[in-house]
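Hi everyone, thanks for coming. I'll walk you through one structure today, so have it open in front of you.

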Amino acid sequence: MKRMFTCLSVLISSFSQIYAQERILETDQFFAKDTPVDVTLNTNLKRLNSNRKNTPYQSGTITWHNPDGTGDITEHINLKLRGNFRRENCAMASLMMDFKDAEKKSKFRKLGKVKMVAPCESGYEYEQFVLQEFLIYKMYNLITDKSFKVRVLNLTVQDSLKAKKHFKQYAFVIEPARVLAKRQGWVEEENAKFNTEQTNRETSTIVFLFQYMVGNTDWAIPNYHNIKLFFPKDSAKTRPYVVPYDFDFSGLVNAPYASPPETTHLTYVTERFYMGYPRTIEELKVSAGLFLARENEIKDLVKKFEFIGDNQKSHMIEFLEIFFELIKDESQMKAAFIDNALRAKK
């Protein structure tokens, strides 16, 4: 009898491990974790990089290296290059990874389509830019839960033809819009035209300040440029919520390939430019209060992040401190966010 219960206990434990393993590969569970994920991607690199304009999916494999010692998982995957700028200008463009259609029985299937952000070029410097952008997503998570979650990958890339040596680099993946929408009780809007001031005012104000904080001008609401819009499921008549993404052109990252839009008349991305519309000083104080409440956490996020170097940390902290000093001063806020705000066309 004792032996039977021992066997039953082992069986239950095995099933529990398998269930826990598969649950962690579901999207909501996957992005709830902060620990880096060790993965190996294997595909035909020559074919992947050969056609930068027309980027069809191609097959490959991905291996999840379980940190708990329960064994690696290798599955088929479909992937393609993504990102207009990166496809044209980067040696290694970012990827769209499609787990859903790769194989019906895949353990990764519930992850669906996931965007991966990889370094633009090889080497430590470009890897640091990716990790700095990752931190910007994490900063926005601290300000509001109406934001995309991200997770770092400790990525090994292998060429299936073995024509190129395998290489390792840090990358990160972004929570799919459908998962954010499910988490918030939203539906995504992709086609309707909205002016900036037709969106949810409170959320948009936070976006204005956040983009100013990180020094990002590479976004626009009317053409959905690095912006997603969402409606509450129960009411499509309300103003849509704005959620930003893609921050590698920001001054907080300060990548060498980044440049400000010509319309801003800026020379460097490290020059801040307010792309928001006027708000009352009372509205600005409310939104600024959200940032000030998280000031120490945002700075600690940078200081305690083990994967970026001291020089990068110093740049980011100094850049952030200028913003925090500004929003502590009402006259500076008025000058930056009211007097120099964009004006909606009548």
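**A quick tour**

Let me begin with a loop: lysine 162 sits between strand E6 (150–159) and strand E7 (167–174). Before I go further, please keep in mind that this is a predicted model.

So, is lysine 162 buried or exposed? Its relative accessibility is 75%, and since anything over 50% goes down as exposed, lysine 162 counts as exposed. Its backbone deserves a look too: phi is near 60°, which is positive, and this residue isn't a glycine. For anyone new to this, most residues other than glycine have a negative phi.

Let me step back for the overall picture. The protein has 346 residues, and 51% of them are buried. Its secondary structure comes to eleven helices and ten strands. If you take the contacts with a separation of 6 or more, 67% of them are between residues 24 or more positions apart.

Now for the pockets. The largest pocket holds about 500 Å³ of space. Which residues come closest to its centre? There are 21 residues in the lining, and the closest are Gly83, Asn84, Phe85, Asn226 and Asp246. If you go by elements, two or more lining residues come from each of helix H4 (84–89), strand E5 (113–117) and helix H5 (124–143). H4 gives the most, with five residues. As for the chemistry of that lining, we have nine charged, seven nonpolar and five polar residues.

Hold on to Asp246 from that list, as aspartate 246 is another non-glycine residue with a positive phi, about 65° here. You'll find aspartate 246 in the loop between strand E10 (241–244) and helix H8 (281–293). Its relative accessible area is 22%, so aspartate 246 is partly exposed. The cut-off for buried is under 20%, which means that aspartate 246, at 22%, doesn't count as buried.

On to the second largest pocket, with a volume of about 340 Å³. This one is lined by 15 residues, and nearest its centre are Lys115, Pro176, Ala177, Arg178 and Lys228. The elements that give two or more residues to this lining are E5, helix H6 (177–184) and strand E8 (186–189). You may remember E5 from the largest pocket, where E5 also gives two or more residues. What about the classes of residue in the second lining? Eight are nonpolar, seven are charged, and none are polar.

H6 gives the largest share of that second lining, three residues, so let's stay with H6 for a moment. Its buried residues are Ala177, Val179, Leu180 and Ala181. Just after H6 comes glycine 185, with a positive phi of about 75°.

Last stop: a pair of helices. Two packed helices are described by the angle between their axes and the distance between the axes. Helix H7 (residues 201–214) and helix H10 (residues 310–327) pack at about 135°, and their axes are 8 Å apart. That angle makes H7 oblique to H10. Who makes the contact? From H7 we have Leu209, Tyr212, Met213 and Val214, while H10 brings Phe319, Leu320, Phe323, Phe324 and Leu326. By class, this contact of H7 with H10 has nine nonpolar residues, with no polar and no charged ones.

That's my tour, thanks for listening.

Technical notes. Residues numbered from 1 in each chain as written. Predicted model: local features only at pLDDT ≥ 70, side-chain atom pairs only at ≥ 80, totals over all residues. Heavy atoms only, no water. Helix = DSSP H or I, 4+ residues; strand = E, 2+ residues; numbered from the N terminus. Buried < 20%, exposed > 50% of the residue type's maximum accessible area, 1.4 Å probe, protein only. 1 Å grid on protein atoms, 1.4 Å probe; cavity = no way out; pocket = protein on both sides within 12 Å on 5 of 7 lines; lining within 4 Å. Points joined across faces, edges and corners; volume = space filled by probe spheres on them. Nonpolar A, V, L, I, M, F, W, Y, C, P; charged D, E, K, R; others polar. Axes fitted to C-alpha atoms, helices over the stretch in contact; angles between N-to-C directions. Parallel < 35°, antiparallel > 145°, perpendicular 65-115°, else oblique. Contact = heavy atoms within 4.5 Å.
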